[in-house]
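Reader: I am in my first year, and I would like to understand how words such as "buried" or "salt bridge" are earned. Could you take me through one model slowly?
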Amino acid sequence: MKARILIVDDERDALDLMREVFEKKGYTPVTALNGLEAINIIKQQEPDVILTDIRMPEMDGMELLRVLTKDYPHIPVIMVTAHGTIETAVDAMKMGAKDYILKPIRINEILSKVERITQLNSLIKENEYLLSKLKQTYDFTNMIGKTENIRKLFDLVKDVAATNTTVLIEGESGVGKELIANAIHYNSPRAKRPFVKINCGVLAESLLESELFGHVRGAFTGAIRDKIGRFEMANGGTLFLDEIGDISLNMQLKLLRVLQEGEFERVGGTETIKVDVRIIAATNKDLKKAMQEGTFRQDLYYRLNVIPIRVPPLRERREDIKYLTYHFIEKFNKIYGKNVMDIEPEAMDILEKYDYPGNIRELENLIERIIVLNKKNIITVKDLPENIRNYVGEFNTEKIDFARGFNQLVEDYEKNLIIKALEQNKFNKVQTAKMLKMNRSTLISKLKKYQID
């Protein structure tokens, strides 16, 4: 649907001409003979663009512009003026008019300017709509959790969002650290500015430096043009540094300078670039332990840890498993067109006793898989994977099914122990073997035995 154009001019011939031009191009033109008439029309239905002459009786174009700038600043205004009043048109631009057109009017010029402004206005409205949807998605009322510690966490996140302070989010993989970062940004004063993310743990040091700070042409092999980095992209907004505990000591020093001074140089460049960026960092590592071991700088830690936020693992908030499960059932029902209505109590009991080494992400993936394969309208124990059905966790006799026999129970426990260690080490077999104090060859043998892929 084409835009609604309000044309304001005291010359009826000019109004009729422009109405005809805009109608032929598919616009919806509305006309007014002066500023007062225009305001009455705007009160009834706001136009997308206003095209107004400057010299008119009763209320001229400049007075109309003053009212519009005060009461309707979101409506773009184009001023129409004669050569003798160009200075007035320039003043109008300073007051907030988007553009001006000289008389005699050239049809192609006026159509071109209106089309450009309506397209820009449409993009602005679309961006505002998308931003409102993001704010709804990451609204604090949509964050799921009933336990006391998770409600305290949400209250802290809400308080922090209103500030510009640096935040360090700590927690195991899959607990929702990125979700917390999104909630902070999209409920902050910087919500309309860029939110830029980077995972520091997946990039080599040289590539990470270029990604963060950018590079100039010729800085290294393959640098065929200048490139801006994430800090410049995030200027005025927020930069989310995920897996901050994985960066090298050399990169930590370079990052520290940006946090302290708000400035840096691109790789291979000499120009100092200043930025205004809020930092939200996240890690699944114990940074205090890393400081003691000499792998993380103390000064950087305290620079990042202005507001620490610890996101608890799912096993510390078991009461929330039920709420999260039903949330994911509803979510994947919509995505896959399913109609799973409930989960039987025995199946829910098993889900609530499982430790979830992969936390919320693991639970979400589990429910998605169950919904996709489900042929009924209820989730039963049989729908749960074997490793979860047979999970015994800590040696609590209330959880152990002794009917399975000693050997099977030991194997179940060993299998789950290995899976948990693998997940904590991001499936790195060497690190997993070290954690379990086991030869790598023994670990490989057990992976084959238990068919752990």
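Author: Let us begin with a term: a salt bridge is a side-chain nitrogen of Lys or Arg within 4 Å of a carboxyl oxygen of Asp or Glu. The model in front of you is predicted, and a search of the whole structure finds 32 salt bridges in it.

Reader: What makes Asp246 and Lys285 a salt bridge?
Author: Their side chains meet with N and O at 3.3 Å, and the cut-off is 4 Å, so the pair qualifies. This pair links distant parts of the chain, since Asp246 is in the loop between β10 and α10 and Lys285 is in the loop between β13 and α11, 39 residues apart.

Reader: Why is Asp246 called partly exposed?
Author: Its relative accessibility is 29%, and because buried means under 20% and exposed means over 50%, a value in between is called partly exposed. Lys285, with a relative accessible area of 38%, is partly exposed as well.

Reader: What separates Glu330 and Lys334 along helix α13?
Author: They are four residues apart in that helix, which means about one helical turn. The closest N and O atoms of Glu330 and Lys334 are 3.6 Å apart, and that is within the 4 Å limit, so the name salt bridge applies. Glu330 counts as partly exposed at 45%, whereas Lys334 counts as exposed at 65%.

Reader: How do you know that Lys446 forms a salt bridge with Glu414?
Author: The closest N and O atoms of the two are 3.1 Å apart, which is again within 4 Å, so the definition is met. Lys446 belongs to helix α19 and Glu414 to helix α17, 32 residues apart. Glu414 is partly exposed, with a relative accessible area of 23%.

Reader: Why can one say that the buried residues of α19 line one face of the helix?
Author: The buried residues of this helix are Leu443, Lys446 and Leu447, and seen down the axis of α19 they fall within an arc of 105 degrees, so they line one face. The face turned away from that buried side carries the exposed residues Ser441 and Lys448. Among the elements that cover the buried residues of α19 are α17 and α18.

Reader: Why is strand β13 described as largely enclosed by the rest of the structure?
Author: Six of its six residues are buried, so the description follows. Arg278, Ile280 and Ala282 point one way from β13, while Ile279, Ala281 and Thr283 point the other way. Strand β6 runs parallel to β13 and is joined to it by four bridges, and strand β10 also pairs with β13 in the parallel sense over four bridges. Ala281 stands opposite Leu168, and Ala281 is also the bridge partner of Leu241.

Reader: Why is Arg317 called buried?
Author: Its relative accessible area is 3%, and the word buried is used under 20%, so the label fits. Arg317 lies in the loop between β14 and α13, and the residues that it touches include Ile144, Pro312, Leu324 and Ile360.

Reader: Is Ile335 buried or exposed?
Author: Ile335 is exposed, because its relative accessible area is 51% and the cut-off for exposed is over 50%. This residue is found in helix α13, and together with Tyr336, Val372 and Leu373 it makes a nonpolar surface patch of about 380 Å². The elements that give two or more residues to the nonpolar patch are α13 and α15.

Conventions: Residues are numbered from 1 along each chain as its sequence is written. This is a predicted model: local features need pLDDT of at least 70, side-chain atom pairs count only at pLDDT 80 or more; totals for chains, interfaces and linings use all residues. Side-chain values use heavy atoms; hydrogens and water are left out. Patches are made of residues with over 30% relative accessible area and no salt bridge: like charges are joined within 9 Å, nonpolar side chains (Val, Leu, Ile, Met, Phe, Trp, Tyr) within 5 Å. Accessible areas come from the Shrake-Rupley method with a 1.4 Å probe; for residues, only the protein chains shown count as cover. Buried means under 20% relative accessible area, exposed over 50%, partly exposed in between (1.4 Å probe, protein chains only). The arc is that of the directions from the helix axis to the C-beta atoms. Contact means heavy atoms within 4.5 Å. Two strands pair if DSSP finds at least two bridges between them. Lists of a residue's contacts leave out its neighbours within four places in sequence.
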